[in-house]
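I opened this notebook page to record what I looked up in one structure. The entries cover helices first and charged pairs afterwards.

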Amino acid sequence: MKIITSIYHAPCSTIMLGSYDGRLCLCDWTGGWHSDSNYRRLFRMLGTTFEEGACDVNSKAAAQLDEYFGGVRRQFDLPLLLCGTPFQKEVWTALRHVGYGSTMSYARLAATIDRSKAVRAVANAVGANPMSVIIPCHRITGSDNSLTGYGGGLDVKRYLLALEQGCRAEPF
């Protein structure tokens, strides 16, 4: 079995969707070290290769992303396959509870999972999130509310936050 991939053209960048065995395992901004790291992790953990193609899960993900970018959808309802360590999965689960249009600091996120002293580890897990937008790591900020690193780039992070906060988000 292979990871079936397809490209999704968001208003702010390009996303690679990937599914394996009927579940979405990748929704990541294309290019850069972040996506390469996620591809390697999926290859290592699933022991399979990638193949471009069409499948129901990727189509459903694209339709829900269309709704999100259209301002209609606030949460995603997709079967997910999260490939990561138990700690990463714990952080990714906590990310799903950060509300639409709101932000949270890395330190506060660490506290929500009773890991207040593990802020750097939490930040690394956030950075390893393979489900950008669907698991909303763009909602995490520095403790002073500054925008910090994001796999899609800070312009994309700004765009997503503006979209969710009801501001006019200009496509680029």
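The entries below take up two helices and then the salt bridges.

**Entry 1: helix α2**

I note at the outset that the model is predicted. I began with helix α2, which runs over residues 56-69. I asked what span its 14 residues should have at 1.5 Å a residue. The expected span is 20 Å, and the C-alpha atoms at the two ends lie 20 Å apart, so expectation and model agree.

I then looked up which residues of α2 are buried. They are V57, N58, A61, A62, Q64, L65, Y68 and F69. I also checked what covers them: the cover includes the strands β1 (3-9), β2 (14-20) and β3 (23-29), together with helix α6 (154-164). Just after α2, I found G71 with a positive phi of about 80 degrees.

**Entry 2: helix α6**

I turned next to α6, as it is among the elements covering α2. Eight of its eleven residues are buried, so I record this helix as largely enclosed by the rest of the structure. The buried residues are V156, K157, Y159, L160, L161, A162, L163 and E164. Their cover includes β3, α2 and β6 (140-141). After α6 comes G166, and I read its phi as positive, near 75 degrees.

**Entry 3: salt bridges**

How many salt bridges does a search of the whole structure find? I obtained five. I examined three pairs, as follows.

The side chains of E67 and R73 form a salt bridge, with N to O at 2.7 Å. E67 has 33% relative accessibility and therefore counts as partly exposed.

R115 and E90 form another salt bridge, and their closest N and O atoms are 3.0 Å apart. This pair links distant parts of the chain, 25 residues apart: R115 sits in the loop between α4 (106-112) and α5 (119-127), and E90 sits in helix α3 (residues 86-95). I looked up the accessibility of each partner. R115 is partly exposed at a relative accessible area of 35%, and E90 is partly exposed at 28%.

The side chains of R139 and E164 also meet in a salt bridge, at 2.8 Å from N to O. Here too distant parts of the chain are linked, 25 residues apart, with R139 in the loop between α5 and β6 and E164 in helix α6. Are R139 and E164 buried or exposed? I found both to be buried. E164 thus appears twice on this page, as a buried residue of α6 and as the salt-bridge partner of R139.

Notes
Residues are numbered from 1 along each chain as its sequence is written. This is a predicted model: local features need pLDDT of at least 70, side-chain atom pairs count only at pLDDT 80 or more; totals for chains, interfaces and linings use all residues. Side-chain values use heavy atoms; hydrogens and water are left out. Helices (H or I, at least four residues) and strands (E, at least two) are DSSP runs, numbered from the N terminus. The expected span of a helix is 1.5 Å times one less than its number of residues. Buried means under 20% relative accessible area, exposed over 50%, partly exposed in between (1.4 Å probe, protein chains only). Contact means heavy atoms within 4.5 Å. A salt bridge is a side-chain nitrogen of Lys or Arg within 4 Å of a carboxyl oxygen of Asp or Glu.
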